[in-house]
Amino acid sequence: MSKEVKQGQDVQKLVRTLVEDLGHEKAELIPILQEINDELGYISDDAITELSQLMNIPTSHIYSVATFYRMLSTEPRGRHVLQFCESAPCHVAGGRLVWQKLQRVLGLENGETSPDDKWTLLTTSCLGVCGVGPVMIIDNDLYGNVTPEQVPDILSNYK
Amino acid sequence: MKATRSMVLVSGDPESLNRGALDVFSTLQRELANFGLDEEISLTMVSDIHKSGSNPLVLVYPDAVIYGQVSPADVHQIVEEHLYKGRVVAEKQVPPYDLSGKIAWLSSRKGTLPAENRIVLKNVGLIDPESIDDYIINEGYEAIGTILKEMTPEDTINTIKNSGLRGRGGAGFPTGLKWQFVKGAKGDKKYVICNADESEPGTFKDRLVLEGDPHAIIEAMMIAAFAVGADEGYVYIRGEYGLAISRMKKAIQQAHDYGLLGKNIFGTDFSFDIHIHAGAGAYICGEETALIESIEGNRGEPRTRPPYPTTAGLWQKPTLVNNVETLANIPAIIRNGAEWYKSIGTPSSPGTKVYTILGNVNVTGLIEVPMGITLREVISIYAKGMKNGANFKLAQTGGSSGSIIPASLQDTPMDFDSFNKAGVSLGSGALLIASDEVCVLDLAKVLLNFFREESCGKCNPCRIGIKRAFEILTNISEGVATLHDLEDLNMLSDQLYNLSNCGLGQTAGSPLHDILAHFRAEVEAHVKLKVCPAGVCPMSGRRAYQTV
């Protein structure tokens, strides 16, 4: 998820292109926000202001939507986002110990980003791959049957 | 599709793809051509076959041999030895009993397990989900053809009503009746929505259908649209299901190319088109009015009902919302008739149910069996017993919004009415099987934490009640609660049920009720003796939250 930080002109251009491609309809708001989130790594204030003008939707509404959905973020995130499934099936399959290990190794609590901007640690609800729990996703890579012992090895794959 | 001597399937679920299934597939293509076998052996990438840890898999039919953890380097040997010379490569073989999910059905073909009854998952794992021709050759789009040629919307609705099909999203509402409401609703514009926002923890049946047989959903939505008089449809797929979204997109494009979607389908007056809306991560959007709000570009907060979506749904127009599994039954019912469907399952809940089996059992995965099977049967037959011979303590059904079912109910037939009578709920079909090692209090804490995170916050009983219940549970797990707290939990459970605006809050209290009804002694041990019998809870004596 390593994104170069885009600002000012770039963000405006991105938002304009997206609105042109997907349309001004309010129904397109969430798809557009998803694209912005993918491109920038999060939804910046600049992007919300620009979007509000182009789509004629109040910034308050856009902000309320952007903060509602788990896959959208209004805060910058680390270069790698680790999402750990905290639902019951993964919990029963040994997820509790993996989660404790992750917190210890990264030195982060749920929702925190490391000072060097490398990691953001999040819990997530069920990812639908419960047959191989405990499950976690780093960026777009899925890891199943994770044990606490594997945690340092898996993390060391990410620079 | 040509007649072939053997069929080779490569697993294409997300995990397999991660582990290089595409490389295996292309190497197989090359090697088959090298041995001149590409004419007589078909090669297909199929969706999830679901074997934990052994992906990617290569399956050879009709021999029903499964190779696991196949790398491109193994392909030459498999092709030369097995497909060319006919000798199974034993060292790469994975035993079927070791495999889960899909494999219960594979094993049944080999006669080692009782047969499942596959309607919803008929094609899943057998056909190439990215090929419309594969679907068509397997009776695909036959049902919609029959309907457009020979049936009226009334006939169609009557067939679904007579079949007794009930919604598989969890509530069990009669599907035919819902269709009739939408058809009867006034309005020049109507919508059909497929609810594929599958977020119940432990449930992944809808994902398998979407990834493995997307055209079945398109056909079912066409039938529904014809019956209720809609010309536009949405598939609301949760955003985390990337592969399902791309397969569905591809299927819709193919259906367009074949003239199955668009204007005046098959030269009739019937026009229909489908859009995909990807969710952005919110459990609550599985609730149908929240889902509709989300499509409209709003926060996914459930509406106040009535009016129900059947009269005022998407953009305030009459809207039919059906779950993926419900829809996947429709083409088969039209093809084979209502009487055939009623002959499967129990009288009040006909048909099959797809269950995901999870937890402390030997085989986890997915089965499709007739309604009315018991938990004991599921555990002993399909799950191959408890792991390490442990005792069966409880099953948690239907993701988070189901029930905690004690061992004493393991002989109750699993259908909507029998479970209602026993005061428990079938939910979405996840069966989380837990042994003695699991603490009920810890489990309830995890479930309530889930609801606490996922509550949309619109109504107070849900937002505040769940948080308070979680705090009390945490205090109990720390050994600092009083018996009075248990009464508070009971009260919160009732208030959540009675006062919450939507299903999330209404069911959030059921774990509280269930643990107090069935496992009171274990909960009281935490309170009175400051002991967690399963040895799971921290019991630190540290007060985490203040009691009022």
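**Reading a two-chain predicted model**

Colleague: Let's start at the end of a helix. Which residue takes a positive phi just after α2(A)?

Modeller: That's G41(A), with a phi of about 90°. Keep in mind as we go that this is a predicted model. Chain B has a parallel case: just after α10(B), G229(B) takes a positive phi of about 85°.

Colleague: Back to α2(A) itself. How far apart are its end C-alpha atoms, and what span should its 12 residues have?

Modeller: The way to read this is to count 1.5 Å a residue and set the result against the model. For α2(A) the expected span is 16 Å, and the end C-alpha atoms are 16 Å apart, so the two agree.

Colleague: Which residues of α2(A) are buried?

Modeller: Start with the general idea: an α-helix has 3.6 residues a turn, so residues three or four places apart point the same way. In this helix the buried set is L29(A), I30(A), I32(A), L33(A), Q34(A), I36(A), N37(A) and L40(A).

Colleague: Let me zoom out to the whole of chain A. How many helices and strands does chain A have, and which pattern do they follow along the sequence?

Modeller: There are six helices and four strands in chain A, and they run α-α-α-α-β-α-β-β-β-α. The C-alpha atoms of chain A fill a box of roughly 50 × 30 × 25 Å along the principal axes. Of its 159 residues, 40% count as buried. For contacts in chain A between residues at least 6 apart in sequence, 63% join residues at least 24 apart.

Colleague: What does the domain assignment give for chain A?

Modeller: Domain 1 covers 9-66 and domain 2 covers 80-156. Their C-alpha centres lie 30 Å apart.

Colleague: And the confidence? Where in chain A is it lowest, and where highest?

Modeller: The low end is β4(A), at a mean of 85, and the high end is α4(A), at 96. Over the whole of chain A the mean pLDDT is 89, with 94% of residues reaching 70 or more. For chain B the mean is 88, and 93% of residues reach 70 or more. Watch residues 97-112 of chain B, though: pLDDT stays under 50 there, and the model has 46 contacts beyond four places in sequence for that stretch.

Colleague: How do I read the place where the two chains meet? How many residues does each chain give to the contact?

Modeller: As a general idea, the size of an interface is often given as the accessible area lost when the parts come together. Here we can go by residues: the contact takes 30 from chain A and 46 from chain B. On the chain A side, the elements giving two or more residues are α2 (29-40), α4 (59-66), α5 (88-106) and β4 (141-143). The largest share, four residues, is from α5(A). By type, that side has 17 nonpolar, nine polar and four charged residues. As for scores, the predictor gives the complex an ipTM of 0.90 and a pTM of 0.84.

Colleague: Now the interior. Which residues touch the most other members of the largest nonpolar core?

Modeller: In soluble globular proteins, nonpolar side chains tend to be buried together. In this model the largest nonpolar core has 206 residues, and the ones touching the most other members are I217(B), M221(B), I223(B), A224(B) and I433(B). Helix α10 of chain B, residues 214-228, brings the largest share of this core, 12 residues. α10(B) is mostly covered, with 15 of its 15 residues buried. The length check works here too: its 15 residues should span 21 Å, and the end C-alpha atoms are 22 Å apart, which agrees.

Colleague: What is I433(B) in contact with, leaving aside neighbours within four places in sequence?

Modeller: Its partners include I357(B), L358(B), V361(B), I379(B) and F392(B).

Colleague: Which domains does the assignment give for chain B?

Modeller: Domain 1 (6-94), domain 2 (132-342), domain 3 (352-435) and domain 4 (440-529). The centres of domains 2 and 3 of chain B are 28 Å apart. Between those two, 12 residues of domain 2 are in contact with 14 residues of domain 3. The domain 2 side divides into three nonpolar, five polar and four charged residues.

Colleague: One last residue: why does N138(B) count as partly exposed?

Modeller: The cut-offs are 20 or more other C-beta atoms within 10 Å for buried and 12 or fewer for exposed. N138(B) has 16, so it is partly exposed. N138(B) sits in the loop between α5 (132-137) and α6 (142-150) of chain B. Beyond four places in sequence, N138(B) touches N123(B) and I127(B).

How values were computed: Residues are numbered from 1 along each chain as its sequence is written. Chains are lettered from A and ligands numbered from 1 in the order in which they are written. This is a predicted model: local features need pLDDT of at least 70, side-chain atom pairs count only at pLDDT 80 or more; totals for chains, interfaces and linings use all residues. A nonpolar core is a set of buried Ala, Val, Leu, Ile, Met, Phe, Trp, Tyr and Cys residues joined through C-beta atoms within 7 Å. Two residues are in contact if their C-beta atoms, placed from the backbone, lie within 7 Å. Ala, Val, Leu, Ile, Met, Phe, Trp, Tyr, Cys and Pro count as nonpolar, Asp, Glu, Lys and Arg as charged, and the others, Gly among them, as polar. Domain bounds come from an automatic or database domain assignment. The expected span of a helix is 1.5 Å times one less than its number of residues. pLDDT is the predictor's confidence in each residue, from 0 to 100.
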